[in-house]
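I wanted to look up two things here: the enclosed spaces inside the protein, and the surroundings of one strand. My notes follow in the order in which I checked them.

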Amino acid sequence: MLSIIEQIKQGKLWDFHGGIHPAENKLLSSKQPLKSAGIPSELVLPLKQHIGSRGDIIVNIGDHVLKGQPLTQGDIAMCVPIHAPSSGTITAIEQRTTAHPSGLTDLAIVISTDNQDTWCRGKQYPDYQDRDPAELIEAIRLAGIAGLGGAGFPTARKLQGGLGNVDILIINAAECEPYITADDRLMQDYADEVIEGIRILRHIIAPKLTIIGIEDNKPDAIKALEACVNEDDNILIRVVPTKYPSGSSKQLVKILTGREVPSQARSTSIGVIMQNVGTAFAIKRAIVDGEPLIERVVTLTGEAFKQRGNVFALLGTPIAYLLEKFGYQADKKYPRVIIGGSLMGFTLPHANVPITKITNCILTPKRKELPLHTYEMACIRCSACADACPSSLLPQQLQWYAKDKNYEKCEEYNLSDCIECGACAYVCPSEIPLVQYYRQAKAEIWERKQDEINAERARQRFEAKQQRMERDKAERENRFAKAATDRRQQMASTGGDDAVAAAIARVKAKQAAATDAATATVKPAVAAAIAKAKARQAASASEANAVPDNSEMAALRKQRKLQAREQKAAKHAELMQQQTATEQPAEQVTAKTDAVAAAVARAKARKAAQQEQATTAAESAPEVNTGVENDPKKAAVAAAVARAKARKAAQQANKVQPNIEEE
């Protein structure tokens, strides 16, 4: 039985399941030669234009950069830098809308061009045949080359994975999607450089066989390639039937080699590596000419374009600039600008979106040219989508599960193997946008997996921290235990009890010395102040413990009440006298005056007797209760009370009260 390589050399081809034959519409743009799109006044360069992580920015706002100068850097295989497509000044580093179906923004570097186009070329390898493959792979990575067929996978990483693992190198020149002719025109106009790039790839990978797979609808490109290939190159140009999506990686491998790429695996797992025609051209420019990836071929097509064709557009060129320069006339009812072809492309939210490394076509169709389907009908279970699926999936079930957000079932039905070619949606009689459901489900599954990865990473970090803390604790305890054991052994060998007693004695001696020193350093004034404070504290404590004597205060309170009654009675008598003065005769007034005088004399006698009793009670009280002789404050209070009594007695003696009634 012949080997796979022998069968390929004999011209055998295979086929894949499904596929469709849509209208190609390639003649709109394939007849004109390649030309430059020019230098716009502003270039917008998103930091992430490939699969993988973006690099670190190494420039600042206000810097002047040269054409080909790196703007970012990274030291991992899945990170490729971006370069300045033209010379100019960096005016901003900000969020800008990117060429993505979501229409979201991403961090981008904005360059204001100076129209000088001053170069800053990198290192050149014209003698690449004598160079080590690893050196050339690193040069390809530093040139910022990623897959230009649409996937954007870093080329250097793919080549590293294929070293020593593959025996067949496939150059994808099928370009099966309608409207797109970028690779076709590149092979017609630059076939020699494309073949030179393939030779560089052959030197790096060293495969047993190299195949250029190209569809039979590109006769001019086939002739141009055949004219540049010689027998020593060991390159086969294999023409395959036109069928969509034969340009997909897994489908083209199946057609050319008969090998089938396993689910969720890459072609390198079966000994095949694939590169795009545009990628081979970029590799030649990077290795031989020292030019990083700063421009690519873009197809401008659609009836809304007045000037259709293919152009070399600088990366970062705003699509609005290309629309204006090449005569875009928008459809009056349904103006649309699509990045990509009619099946795998997506409509832009606006035209201020830059060209990136994976932008191969700008399609501007009229309404009649590409009808706009907006009404989704119910599925009729016709199985046309399953018959057309090139990956042998079940699009109907996947759409149900994606719509129901049953992502576990989506993964069970191998949603990840969907290449989003759009063949199922193209043949669907109910006009169901199946690919949109798949894209949304894929994005949600990816987000969930990222959350799981982050959670797992956090769990591992936490467990590692706990283990580290426990390990440190155990080491600490072991260290302390070992030190204690060593001390006990040393004490046992050198008379440890005597040593411990001596240590205790030394500690006590130090404490006694410290106490004596503190006592000696106290000054006499400080000692006196301390003594006074202690004496005050003792006196306050004795006063707080003494039983207070309230007898004197009670006598004074009783005397004040009696005086208040006498004053009230005097006021009442005076009022009554005033009322009856005009009515009574003079004799009665005189008699009553004498009676009042007698009452006043009797009241004074009672008051004097009460005062004498109060004084006698105060003098007879023991000293421990009064505390007047011992307490200056109480003596002052007693003197004040005596003075108040004297003033009261004087006032009463001098006051005349003629109208008090007798009790």
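Entry 1, the largest cavity. I began with the elements that line it, keeping in mind that this is a predicted model. Helix H4 (182-189), helix H8 (277-288) and strand S12 (295-301) each supply at least two residues of the lining of the largest cavity, and H8 gives the largest share, with four residues. I counted 17 lining residues in total, and those that lie nearest the centre of the cavity are Phe281, Ala282, Leu293, Glu295 and Arg296. Sorted by class, the lining has eleven nonpolar residues, one polar residue and five charged ones.

Entry 2, volumes. I then searched the whole structure and found four cavities of 30 Å³ or more, and for the largest of them I noted a volume of about 190 Å³.

Entry 3, strand S13. I turned next to a pairing partner of S12, since S12 and S13 run antiparallel and are joined by six bridges; within this pair, Val297 has Phe312 of S13 as its bridge partner. On its other pairing I noted that strand S1 (residues 35-36) lies parallel to S13 over two bridges, with Lys35 opposite Val311.

Entry 4, burial. Is S13 buried or exposed? Six of the six residues of S13 (residues 309-314) are buried, so the strand is largely enclosed by the rest of the structure. I also checked the directions of its residues: Gly309, Val311 and Ala313 point one way, Asn310, Phe312 and Leu314 point the other way, and all are buried. In a regular strand the side chains alternate between the two faces of the sheet.

How values were computed. Residues numbered from 1 in each chain as written. Predicted model: local features only at pLDDT ≥ 70, side-chain atom pairs only at ≥ 80, totals over all residues. Heavy atoms only, no water. 1 Å grid on protein atoms, 1.4 Å probe; cavity = no way out; pocket = protein on both sides within 12 Å on 5 of 7 lines; lining within 4 Å. Points joined across faces, edges and corners; volume = space filled by probe spheres on them. Nonpolar A, V, L, I, M, F, W, Y, C, P; charged D, E, K, R; others polar. Buried < 20%, exposed > 50% of the residue type's maximum accessible area, 1.4 Å probe, protein only. Pairing = 2+ DSSP bridges.
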